[in-house]
Amino acid sequence: MGTFLAPKNEFLFFEEGPSVDVTLQWATYADASDQTSLSRIWGGIHPPADDLRGRVIGHQIATDAYELALKFFTRPIMAFDDEIKTEQFNVFPNPAKETLFINGSFAHNHLEVQIISLSGQVLSKHQYFPMSNVLEIDTQHLNAGSYILKVTSKKISQSLRIVIE
């Protein structure tokens, strides 16, 4: 349980108050935020739009935004053009240091491999015609961080989040 003491006539800087010692208590961050929002509304500092209804809407929007972000950072990202994939591939190791391997059933097929920053900038784009099902990608030129690896051919178009250490 979190607590906060606002002593009589010592807490506020711009006026006298509170008129008695006030101890605020809360069990969660949301409870504390609710109390501060209400005190600002009651004190005339914030408009009614900042009341608890606004907080409920904000909570729902935050939950939806978090769920959407999880799709981009914890699961494979599907092709942006919704192309149907007929082949799959795996990337290892992830996180990688100097070399990244792509393993799939794409031997003797033309592949395009792009490494894209999270802001959408294409950092590298190479054409390959692998002779085996394992393709080796040099990642030494990349700074540590997260990137999107996009692999396309006539049969696949898939993007995955990769991490470079």
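The following exercises, each with a worked solution, concern a predicted model.

**Exercise 1. Surroundings of Phe-4**

Determine whether Phe-4 is buried or exposed, or in between, and identify its contacts beyond its neighbours within four places in sequence.

Solution. Begin with the location: Phe-4 belongs to strand S1, which spans residues 2-6. Next, consider accessibility. The relative accessible area of Phe-4 is 34%. Buried requires under 20% and exposed requires over 50%, so Phe-4, at 34%, is classed as partly exposed. Finally, list the contacts. Once neighbours within four places in sequence are set aside, Phe-4 touches Phe-11, Val-22, Thr-23, Leu-24 and Trp-26. For one of these partners, Thr-23, the C-alpha atom is 5.6 Å from that of Phe-4, although the two residues are 19 apart along the chain.

**Exercise 2. Salt bridges**

State how many salt bridges the structure holds, and explain which parts of the chain they tie together.

Solution. The structure holds two salt bridges. One of them pairs the side chains of Glu-165 and Lys-97, with an N to O distance of 3.9 Å. Glu-165 lies in the segment after strand S10 (157-164), and Lys-97 in the loop between strand S4 (89-92) and strand S5 (99-104); the pair therefore ties together parts 68 residues apart in sequence. Both Glu-165 and Lys-97 are exposed.

The side chains of Glu-112 and Lys-125 also meet in a salt bridge, at 4.0 Å from N to O. Glu-112 is in strand S6 (residues 111-117) and Lys-125 is in strand S7 (residues 122-128), so this pair links parts 13 residues apart in sequence. Here the accessibility of each partner must be taken in turn. Glu-112 has a relative accessible area of 17% and is therefore buried, whereas Lys-125, at 49%, is partly exposed.

**Exercise 3. Strand S8 and the nonpolar core**

Describe the two faces of strand S8, its pairing with S5, and the place of Ile-102 in the largest nonpolar core.

Solution. Take the faces of S8 (residues 134-138) to begin: Leu-135 and Ile-137 form the covered face, while Val-134, Glu-136 and Asp-138 form the uncovered one. S5 and S8 run antiparallel and are joined by five bridges; Asn-103 stands opposite Val-134 in S8.

Turn now to the core. It contains 19 residues, and Ile-102 is among those that touch the most other members, together with Phe-89, Val-91, Leu-149 and Val-151. At least two core residues come from each of S4, S5, S6, S8, strand S9 (145-152) and S10. The contacts of Ile-102, leaving aside neighbours within four places in sequence, include Phe-89, Val-91, Val-113, Leu-135, Ile-137, Leu-149 and Val-151.

Methods
Residues numbered from 1 in each chain as written. Predicted model: local features only at pLDDT ≥ 70, side-chain atom pairs only at ≥ 80, totals over all residues. Heavy atoms only, no water. Helix = DSSP H or I, 4+ residues; strand = E, 2+ residues; numbered from the N terminus. Buried < 20%, exposed > 50% of the residue type's maximum accessible area, 1.4 Å probe, protein only. Contact = heavy atoms within 4.5 Å. Pairing = 2+ DSSP bridges. Core = buried A, V, L, I, M, F, W, Y, C linked by side-chain atoms within 4.5 Å.
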